[in-house]
Amino acid sequence: MPTENTPEIALTCSDLGFRWPDGTPVLDGLSLSAGRGRTGLVGSNGTGKSTLLRLLAGELRPTRGSVTVHGTLAYLPQDVTLDTALRVDQALGIARQRRALRAIEAGDVAVAHFDAVGDDWDVEERALATLGSLGLGGVELDRTVGRLSGGETVLLRLAALLLERPDVLLLDEPTNNLDLVARRRLREAVDTWRSGALVVVSHDRELLERVDRIAELRSGAVTWYGGGWSAYRDALATQQEAAERRLRATETDVRRQKRELEESRVKLARRQRQSRKMDVERRAPRIVAGAKKRAAQESAGKLRGLHEDRLQEARERREQAAEAVRDDAEIRVDLPATEVPAGRAVLSLTDLHLPHGRLRNGRLHVHGPERVALVGRNGAGKTTLLRALTGDLTPLSGEVRAHVPTRFLPQRLDVLDDRLSVADNVARTAPGVSDNHLRAQLARFLFKGARAEQLAGTLSGGERFRAALAAMMLASPAPQLLVLDEPTNSLDAASVRQLSSALDSYRGALLIASHDLEFLESVGMTRWLLAGEELTETTPEEVRNLHSGPGAA
């Protein structure tokens, strides 16, 4: 159940509201106080978690309300981009101190050098120690950022924030794009955090096990739960059981009130017929009969109104109970045109040599509706390989051939035009398909009615993924090979289930690059490939051993 503990306050937002420029509301009157220690901020995609972090970090201005931060604040966004020409020490923010230290060591005693160093004489040692703690011990301070992989870039940016020693640290989906080793390093960094307040938005359950408390953002309000992910799920399960019991009780009450209303109508009708019959038999004066009729009608109306009021109240209680029961809708589509015969050639790689990553001799043949998982360490070149497969990158040598219609869903989901609605984005990939058919299919991707008219630029991470997935899977001609790059990034547990259910409906071949082994196993991958200088057949067990053995660190 929600806890009442209120540790020392580190940041506060009061009556916070935010709308996108087109008027789409995200937050309306949210109040929140976060204390020292580690807080996991969770909630369904689209509830506004990332927007809230950007408001707390000052990257967005609220429509109304205020944000107060006690001390210094550092923020790690979902999509970390660094200038590839920067040196590592510049990205860490310590280049000026290093230059000053070198000048002092060379005998230059200018006051400006001492001002630059301040009290931070061990800045290089701290920087190297921080890099080492995040698994970047082999990264030299003079190396350029362009030589780092995407996952290493995330860890480098985190190292820069940790060196700042902020009072408040905000992390938005920090394990995105990280391999198993890098994820473990980041989890350890969170585990050892003692400097102030840390707020992390994540769908990584192992990371969320390490927080002190969970804050759930739902329906525009925050509910607090003590402990990590398991404690939160247990509390949620208890609440759900109670909510479902209340819903069943209210449904029983509605049926009872309906029955009683119908019985009262039958009794009143019977009584009115009997009264009319007695008046006829007794030949009562018309004025007396009329008065008795009016009195009976008034009495019947009051009784009927009483039962109708009770029925309406029962229905309202049922609606309130239903709102408390969480309903994670699933994507259910039928895509027969994506089916590929078992023996048909889908994809061929021959002696592939790529300009980035480690691949020097890539060979692969995919047939029929195979489901191929592509795994490997950050920097192995998985994304580079996928870009080559889909024609976005020209290999140095070798040949790539896709023998069937192919669609690629990249990490950054840049297949959508932010200026267009969800429906218009999907229509771009399916020329000639009727609007009615597309909207019917979009409803199955949980974009019903007005939701299909929402601009892509205002979608949350999970909603954007669903829209991009719809654009790929509903494309014309129907894709018989889907290539997905880290598809579970930024997806909450419900959205991952939605993705799994959508892929269950897909009948073509799949090639998925991911560090999320649990997800890959859930969608029934039939082959596992380890990226390196060659593409090596492997198994989930071998991948786990590879990333947890002595050489993994």
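Let us start inside the fold: Arg98 is a residue of helix α3, which runs over residues 95-105. This is a predicted model, and everything below describes that model. Is Arg98 buried or exposed? Its relative accessibility is 10%, so Arg98 counts as buried, given that the cut-off for buried is under 20%. Leaving aside residues up to four places away in sequence, Arg98 touches Asp89, Glu124, Leu141 and Asp142.

## The chain as a whole

Stepping back, the protein chain is built from 17 helices and 18 strands. Its radius of gyration is 31 Å, well over the 24 Å that the globule rule gives for 553 residues, so the chain is more spread out than a compact globule. Taken along the principal axes, the C-alpha atoms fill a box of roughly 125 × 65 × 40 Å.

How much of the protein chain is buried? Buried residues make up 47% of the 553 residues. Contacts tell us about the wiring of the chain: among those between residues at least 6 apart in sequence, 72% join residues at least 24 apart. On the outside, the protein chain exposes about 26,900 Å², and carbon and sulfur atoms supply 47% of that area. As for charge, there are 78 positive and 77 negative side chains, with the centres of the two sets 11 Å apart.

## Strand β8 and its two partners

Now for a closer look at strand β8, which spans residues 213-218. This strand is mostly covered, with 5 of its 6 residues buried. Strand β3 (residues 37-42) pairs with β8 in the parallel sense over 4 bridges, while strand β9 (residues 221-226) pairs with β8 in the antiparallel sense over 6 bridges.

Glu216 is a handy residue to find on screen here. Val42 stands opposite Glu216 in β8, and Glu216 also stands opposite Thr223 in β9. The hairpin of β8 and β9 has 2 residues between the strands, and Ser219 takes a positive phi near 55 degrees in this hairpin.

## Strand β12 and helix α11

Another covered strand is β12 (residues 371-375), where 5 of its 5 residues are buried. In a regular strand the side chains alternate between the two faces of the sheet. In β12, Arg371, Ala373 and Val375 lie on one side and Val372 and Leu374 on the other, and both faces are covered.

Which strands pair with β12? One is β16 (residues 509-513), in the parallel sense over 4 bridges; another is β17 (residues 527-531), in the parallel sense over 4 bridges. To trace these pairings residue by residue, look for Leu510 in β16, the bridge partner of Arg371, and for Leu529 in β17, which has Leu374 opposite.

Further along the sequence comes helix α11, made of residues 382-389 and mostly covered, with 6 of its 8 residues buried. Which residues of α11 are buried? They are Lys382, Thr384, Leu385, Leu386, Ala388 and Leu389. An α-helix has 3.6 residues a turn, so residues three or four places apart point the same way. Just after α11, Gly391 takes a positive phi of about 85 degrees.

## Backbone details worth a look

Two aspartates with positive phi sit in strands, and the table sets them out.

| Residue | Phi | Strand | Relative accessibility |
|---|---|---|---|
| Asp15 | near 50 degrees | β1 (residues 9-19) | 35%, partly exposed |
| Asp351 | about 50 degrees | β10 (residues 345-353) | 32%, partly exposed |

Neither of these is a glycine: Asp15 is a residue other than glycine with a positive phi, and Asp351 has a positive phi although it is not a glycine.

Where is the place of Pro477? Pro477 is in the loop between α14 (461-473) and β15 (481-485). The peptide bond from Ser476 to Pro477 is cis, with omega near 5 degrees.

How values were computed:
Residues are numbered from 1 along each chain as its sequence is written. This is a predicted model: local features need pLDDT of at least 70, side-chain atom pairs count only at pLDDT 80 or more; totals for chains, interfaces and linings use all residues. Side-chain values use heavy atoms; hydrogens and water are left out. The radius of gyration is taken over C-alpha atoms; the globule rule is 2.2 Å times the number of residues to the power 0.38. Buried means under 20% relative accessible area, exposed over 50%, partly exposed in between (1.4 Å probe, protein chains only). Contact means heavy atoms within 4.5 Å. Accessible areas come from the Shrake-Rupley method with a 1.4 Å probe; for residues, only the protein chains shown count as cover. Lys and Arg count as positive and Asp and Glu as negative; His and the chain ends are not counted. The place of a charge is taken as NZ of Lys, CZ of Arg, CG of Asp or CD of Glu. Two strands pair if DSSP finds at least two bridges between them.
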